[in-house]
Amino acid sequence: MPTFNLKLPPPFEDAVKSMEREIMRFLMRSTGDRDDAMDLFQETWLRAYRAYPTLQSEDGLRPWVFRIASNLCRNRARDRMRRGRVISHESADCESVERRAPQHINGGPEGALHLKRSIARLPGKQGQALMMRKFAGLEYGEIGTALNCSADSARACVYQALKKLRIEE
Amino acid sequence: MKDSPMIDDRVLDAMIMRTRPRIERAMKVLRRPQARVGVIPSPLGKLLVAESDRGLAAIHFLFISGGERTLELLRKKFDLIENEPSARRIEKEIDRVFEGGIDATARAVDLSLVESDFQRRAYTFLRKVPAGAVITYQGLAATVGNPDAQRAIGTTMATNPIPIFVPCHRVIKSNGTIGNYGGGVDNKIKLLRAEGFEVGRDLRLPTRAVMGHRHTKIFCRPDCSAARRADPDNALIYADSRHARHEGLRACKLCKPE
């Protein structure tokens, strides 16, 4: 007789509640812009809801949502780049977003501002891995799932990112 | 380590609050209906059951593999929540079906898991076949509008998402044997017997079974000359005369069934 146990992932609303802050924080850090972060936040949860039936178990939930969020960030960055190429003076605008952003977050101490800019300059995957590890507290395995790479690769990314930050200091 | 010194939780919460109305508006379009699921014991064995606001949406015999697959299909159509009271209620209903207290077809069903129109029509008509009567695969195919589709009907019955309540156990072979069942032939016999259909050991219909005609509203012995002349596609087979009379049919004047 086949064994069957009824194991369902938590209701979607509960999943949102348990993770909305860390996702918003992640998006805020990745985009550096409040409106962008809010746009992507909405998009992340709508996408997550649409794909929720494909999520197998509760354990996979966190890296899965992070992966959706990081994919969306990457798409947004790519679209920006394309648009920037067509209208050349918009590239200056992108930089100003980066410069402006920290002020309307919280206006923290100078060191934190510097750190944020350094993270923004890291290559995409390294920066995201670092943020997931240090700010969201994900395991390396989970980061690997979110960024579509192995746990070792995720660990290497975080290491490289930290190394670069140290050199900049 | 989890909390960064730079972005205040209050700022994040304010941003989340601002996105909430937008998300809710978009979700109104996307949202799947809710369904309650549970695992229950029954006279047939363990069952996975699911019920939406429109009615029963799925029953899966858990002694047969594929429970995970059913759950997957359900999750695509519904937001599932585990719900004990709903499962208990269905358990009681199934018990009453076995005691003969209620006819399973009186219960509302939600055919969301059914994808094809042909299958939907077959299930909808099948639910009009009363307890104590059976129909042949061929007869059901003819009713659905395609007399040669008895095999498609076979597949349709085998993939019935709501057995017991969409009474696929009331479909038998044209040669008078009861045919196969997704939940095992033993269970088909159990269900038919619970409805007053005394299936013999040879898996044949009871000797007292009569042929009832849907259009003429007359029932005959199976060997009656009038029954043989009549269109078999429009016949239901009743367990006995009493069941046929109960459905408003009168006895044939030629063969005079009791």
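**Exercise 1. The six-stranded sheet of chain B**

In S8(B), Cys220(B) is the bridge partner of Met211(B). The model is a predicted one, in which local features need pLDDT of at least 70 and side-chain atom pairs count only at pLDDT 80 or more, while totals for chains, interfaces and linings use all residues. Residues are numbered from 1 along each chain as its sequence is written, and chains are lettered from A and ligands numbered from 1 in the order in which they are written.

Task: Starting from this pair, work out how strand S7 (residues 210-213) of chain B is placed in its sheet.

Solution. Begin with the partners, recalling that two strands pair if DSSP finds at least two bridges between them, and that helices (H or I, at least four residues) and strands (E, at least two) are DSSP runs numbered from the N terminus. S7(B) is joined to S8(B) by 2 bridges, and the two run antiparallel; in their hairpin, which has 4 residues between the strands, Lys217(B) takes a positive phi near 60 degrees. With S9(B), S7(B) pairs in the antiparallel sense over 4 bridges, and here Val210(B) has Tyr238(B) as its bridge partner.

Next, consider the side chains. In a regular strand the side chains alternate between the two faces of the sheet. Val210(B) and Gly212(B) point one way from S7(B), Met211(B) and His213(B) point the other way, and all are buried, a residue being buried if 20 or more other C-beta atoms lie within 10 Å of its own, exposed if 12 or fewer, and partly exposed in between, with C-beta atoms placed from the backbone.

Finally, place the strand in the whole: 6 strands form an open sheet of mixed pairing, in the order S6-S5-S9-S7-S8-S10 (chain B). Strand S6 (171-172) and strand S10 (250-251) of chain B are at the edges with a single partner strand each, so one side of each is left without a neighbour in the sheet.

**Exercise 2. The four-stranded sheet of chain B**

Task: Which strands stand at the edges of the sheet with the order S3-S2-S1-S4 (chain B), and why is one side of each left without a neighbour?

Solution. This is an open sheet of 4 strands with mixed pairing. Strand S3 (55-61) and strand S4 (79-82) of chain B stand at the edges, and one side of each lacks a neighbour in the sheet because each has a single partner strand. For S4(B), the pairing is with strand S1 (residues 34-40) of chain B, in the parallel sense over 4 bridges; within it, Val37(B) stands opposite Glu82(B).

**Exercise 3. A helix of chain A**

Task: Which residues of H8(A) are buried, and which are exposed on the other side?

Solution. Helix H8 (residues 151-168) of chain A has 18 residues and reaches 26 Å from its first C-alpha to its last, close to the 26 Å expected at 1.5 Å a residue, where the expected span is 1.5 Å times one less than the number of residues. Ala154(A), Cys157(A), Val158(A) and Ala161(A) are buried. They cover an arc of only 95 degrees around the axis, which puts them on the same side of H8(A); the arc is that of the directions from the helix axis to the C-beta atoms. On the other side of H8(A), the exposed residues are Asp152(A), Lys163(A), Arg166(A) and Ile167(A).
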